[in-house]
Amino acid sequence: MGSQIKHIICYSGGHSSAIVAIETARRYGNKNVILLNHNINPRYENADIKRFKREVAQYLGLKITYANIRGINDEKLIPNQFEVCEEAGSFVNPHNRQILCTHRLKTQPFYDYLETLEKEYICVYYGFDGEELERVDRRKTILNDEGITSDFPIALWGNGRFEKLLKYLQKSGAKNPEKIAQIENYENKDSWERTIFSTKEIGIEPPNTYTVWKHANCTGCLKAGKQHWYCVYVHDYETYQRGKLSEEIIGYSIHKEGWLKDWEKDFEIMKLSGIPANEHISAKIFWKSANRFTKMDVEDLFPCQCFV
Ligand code: SF4
């Protein structure tokens with residue numbers, strides 16, 4: 001890939017995107033590396049995620065390039081996920097049923113930013129891992145159709161990962177797997193050893209949010225499931241209330257399975273029962289133990305209080 005190529009890192013504030021930024025800068029030098037972030041209102045993006053983004057950028061000697069909704073620079077003025085949906089009167093795009101906040105806050109600003117560049121001279125990088133080849137394939141195909149090259153260092157660099165992608169594409173019935181896989185000359189990348197696996201190796205602690213949350217997403221993520229919203233209920237009750245208000249304003253529930261206001265009773269029982277509010281517990285175990293308690297009456301949860 002020529003030196004004029006701009007390496008656009010989808011720099012989300014998550015640990016994987018930081019690793020991708022570091023691997024890419026080490027591979028190509030930092031001169032043409034762009035850390036592209038869609039900033040989030042600080043009420044809904046944890047301060048430690050912002051700290052992490054800053055520290056990794058400093059380590060790389062790069063500034064963060066922001067592509068924010070409507071070009072808003074002051075992060076406090078950036079509308080939150082609820083507000084953008086309320087403006088549109090829906091949580092989803094009626095045509096494709098995709099969650100609307102991602103599109104408004106991230107996808108549209110991303111494409112607007114790409115419009116300012118010459119497409120044939122850019123490569124876009126994502127932090128998907130080797131278990132996410134389906135996502136890799138989907139994203140790569142969408143971008144290929146737009147004439148944009150993409151790369152996935154964690155999923156595809158080194159250790160025969162190219163072969164894995166090729167096999168996956170062949171198995172999944174992709175129309176032209178060799179073309180998709182070879183378009184960025186992945187054979188060479190099979191010999192590329194990864195150089196970093198954790199930012200702790202360079203003295204940067206990953207966001208402390210990972211102790212509870214799986215992703216560096218907005219708190220109160222409209223794409224996330226019921227377990228996430230239980231964690232929101234326990235750790236950030238105000239955001240839970242904001243979600244309820246949004247459902248009331250829009251007149252639809254965020255989730256197909258039910259309304260936040262209707263989950264509250266069970267969530268309170270789960271909280272009182274000590275069900276850990278943590279996204280890292282597998283959904284199966286989490287709900288199995290939660291369901292045991294939510295089937296009981298609140299009085300059953302406590303020992304008898306009669307001392308006579
Ligand atoms: S992280 Fe969740 S809430 Fe935030 S923009 Fe993406 S889908 Fe919406």
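These notes cover the ligand shell, one helix pair and one pocket in a predicted model.

1. Ligand shell. The ligand is surrounded by Gln81, Cys101, Thr102, Lys106, Asn217, Cys218, Cys221, Leu222 and Lys223. By class, the shell holds four nonpolar, three polar and two charged residues.

2. Source of the shell. Helix H4, residues 100-115, gives the largest share of the shell, with three residues.

3. Packing of H3 and H4. Helix H3 spans residues 81-88 and packs against H4. The angle is about 110 degrees, and the axes lie 9 Å apart. H3 is therefore roughly perpendicular to H4, since angles of 65 to 115 degrees count as such.

4. The H3–H4 contact. On the H3 side, the contact is made by Gln81, Val84, Cys85 and Ala88. H4 contributes Leu100, Cys101, Arg104 and Leu105. The classes here are six nonpolar, one polar and one charged.

5. Overlap of the two sites. Gln81 and Cys101 are around the ligand. Gln81 of H3 and Cys101 of H4 also take part in the helix contact.

6. Second largest pocket. This pocket holds about 430 Å³ of space. Its lining counts 17 residues. Val92, Arg97, Ser253, Ile254 and Lys256 lie nearest the centre of the pocket.

7. Character of that lining. Nine of the lining residues of the second largest pocket are nonpolar, four are polar and four are charged.

Note on methods. Residues are numbered from 1 along each chain as its sequence is written. This is a predicted model: local features need pLDDT of at least 70, side-chain atom pairs count only at pLDDT 80 or more; totals for chains, interfaces and linings use all residues. Side-chain values use heavy atoms; hydrogens and water are left out. A residue is near a molecule or strand if one of its heavy atoms lies within 4 Å of it. Helices (H or I, at least four residues) and strands (E, at least two) are DSSP runs, numbered from the N terminus. Ala, Val, Leu, Ile, Met, Phe, Trp, Tyr, Cys and Pro count as nonpolar, Asp, Glu, Lys and Arg as charged, and the others, Gly among them, as polar. Axes are lines fitted to C-alpha atoms, for helices over the stretch in contact, and angles run from 0 to 180 degrees between N-to-C directions. Angles under 35 degrees count as roughly parallel, over 145 as roughly antiparallel, 65 to 115 as roughly perpendicular and the rest as oblique. Contact means heavy atoms within 4.5 Å. On a 1 Å grid over the protein atoms alone, a cavity is a set of points where a 1.4 Å probe fits but cannot get out, and a pocket is an open set with protein on both sides within 12 Å along at least five of seven lines; lining residues have an atom within 4 Å of a point. Grid points are joined across faces, edges and corners, and a volume is the space filled by probe spheres set on the points.
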